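Got the viewer open? Let's walk through this one stop at a time, selecting as we go.

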Amino acid sequence: MRIGLLGTGPWADMAHAPALSRHDGLEFVGVWGRRPAAAEELADRHGTRAYDDVDALLADVEAVAVALPPGVQAELAVRAARAGCHLLLDKPLAATVPQGRAVVEAVRGAGVASVVFLTTRFQSETEAWITEQSASDGWFTARAQWLGAVFTGDSPFAASPWRREKGALWDVGPHALSVLLPVLGDARRVAAAAQGPGDTVHLVLDHAGGASSALTLSLTAPPAAAGAAVELRGRTGVTLLPETTEGPVPALLRAVDALLAAARDGRPHPCDAAFGLRITEVLAEAEARLRDGR
């Protein structure tokens, strides 16, 4: 499949471009970015072409991978889908629910495949654990902590304007939800939301399966306290999300496999744009609760 990359930032550099270059089922056609010089540099490093015109790239490919801020991603994903391109998207799908709905409508209208790259869902050990727990029932409660040190340590994402604006809720919230929703069922409501230190937020969710979950999300944790953990408790006992040292490139390669399969078979992947929209809806509900102090 011929694929292009939209975006030239740190995530495009460390994850997307290496994965697109390595995957045997892809022809990495080119790169477009909002900074033409950065697109030239990234394309040169991976032996491909830089495009000045995004529509010219869309016309030359069958799929695009997107590594852009959520609001920009949503707009370009709609354009790409309408141009007949399959979509490998990043999280969060969009910055608002209407933007997310527009992406889903464009995907459905064009009949293209979509996969949202939620890293934990495509790492081999954690993906297997999520699948195993999803097949069980009787869950009572869960807690998830996704604590990053993006704003307190030495992170290439610290200067990201959208992360500064939206914080941990929108940056790492999708990761936590991508684990909890398939296991506990959809979030019927955000039962509670409270601010913590910095951009830290605490959420309580009521799930369709009858369980509740508590989430703590932050990008301003002390570096020594950073890390992710998920604990499930229920009829079968207690289980923890396994730790993994697998980096983003192998996970992204599996996400590409998922996109190729969805494009070939016509069957939506569990992490498609519709799932990305559902995550966006939960985040927006939590944001509203935090804003209103409810």
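How much space lies in the largest pocket? About 1,400 Å³. Keep in mind along the way that this is a predicted model.

**Stop 1: the largest pocket**

Select W11, K91, F157, R163 and D171: of the 47 residues lining the largest pocket, these lie nearest its centre. Now colour by secondary structure. The elements that each supply at least two residues of this lining are α1 (10–22), α6 (119–122), β7 (139–147), α8 (161–171) and β11 (227–234). If you'd rather colour by residue type, the lining of the largest pocket splits into 23 nonpolar, 15 polar and nine charged residues.

**Stop 2: the rings**

Stay on W11 and add F117, F122 and F157, because ring pairs link these four into a cluster. The count for the structure comes to three aromatic pairs. Start with W11 and F117: the ring centres are 6.3 Å apart and the planes meet at 20°, which is under the 30 degrees cut-off, so this pair is stacked. Follow the backbone between the two and you'll see that the pair links distant parts of the chain, with W11 in helix α1 and F117 in strand β6 (residues 114–117), 106 residues apart.

Next, swing round to F117 and F122. Stacked or tilted? This aromatic pair is tilted, with 6.0 Å from centre to centre and 35° between the planes. Switch on a surface and check the two side chains: F117 has 1% relative accessibility, so F117 counts as buried, and F122 is buried too, with a relative accessible area of 1%.

**Stop 3: a cis peptide bond**

Go back to K91, one of the residues nearest the centre of the largest pocket, and step on to P92. Cis or trans for the peptide bond between them? The bond from K91 to P92 is cis, with omega near -15°. P92 itself is in the loop that runs between β5 (86–90) and α5.

**Stop 4: the second largest pocket**

From that loop, carry on into α5 (97–110), which gives two or more residues to the lining of the second largest pocket, as do α10 (248–265) and α11 (273–292). Which element gives the most? That's α5, with three residues. The volume of this second largest pocket is about 260 Å³. To centre the view, select V107, V112, A113, P268 and D272, which are the closest to the pocket centre among the 17 lining residues. By type, the lining of the second largest pocket comes to nine nonpolar, five polar and three charged residues.

**Stop 5: charges over rings**

Two quick selections here. Pick R49 with Y51: the charged end of R49 sits over the Y51 ring, 3.9 Å from the ring centre. Then pick K166 with W170, where K166 lies over the face of W170 at 4.1 Å from the ring centre.

**Stop 6: cysteines**

Last selection: C85 and C271. Buried or exposed, for C85? C85 has 0% relative accessibility, so C85 counts as buried. C271 is also at 0% relative accessibility and therefore counts as buried. How many disulfides does a search of the whole structure find? Zero, so you can skip drawing any sulfur–sulfur links.

Conventions. Residues are numbered from 1 along each chain as its sequence is written. This is a predicted model: local features need pLDDT of at least 70, side-chain atom pairs count only at pLDDT 80 or more; totals for chains, interfaces and linings use all residues. Side-chain values use heavy atoms; hydrogens and water are left out. On a 1 Å grid over the protein atoms alone, a cavity is a set of points where a 1.4 Å probe fits but cannot get out, and a pocket is an open set with protein on both sides within 12 Å along at least five of seven lines; lining residues have an atom within 4 Å of a point. Grid points are joined across faces, edges and corners, and a volume is the space filled by probe spheres set on the points. Helices (H or I, at least four residues) and strands (E, at least two) are DSSP runs, numbered from the N terminus. Ala, Val, Leu, Ile, Met, Phe, Trp, Tyr, Cys and Pro count as nonpolar, Asp, Glu, Lys and Arg as charged, and the others, Gly among them, as polar. A disulfide is a pair of cysteine sulfur atoms within 2.5 Å. Buried means under 20% relative accessible area, exposed over 50%, partly exposed in between (1.4 Å probe, protein chains only). Rings of Phe, Tyr and Trp (its six-membered ring) pair if their centres lie within 6.5 Å; planes under 30 degrees apart count as stacked, over 60 as edge-to-face and the rest as tilted. A charge sits over a ring if NZ of Lys or CZ of Arg is within 6 Å of the ring centre and within 35 degrees of the ring normal.
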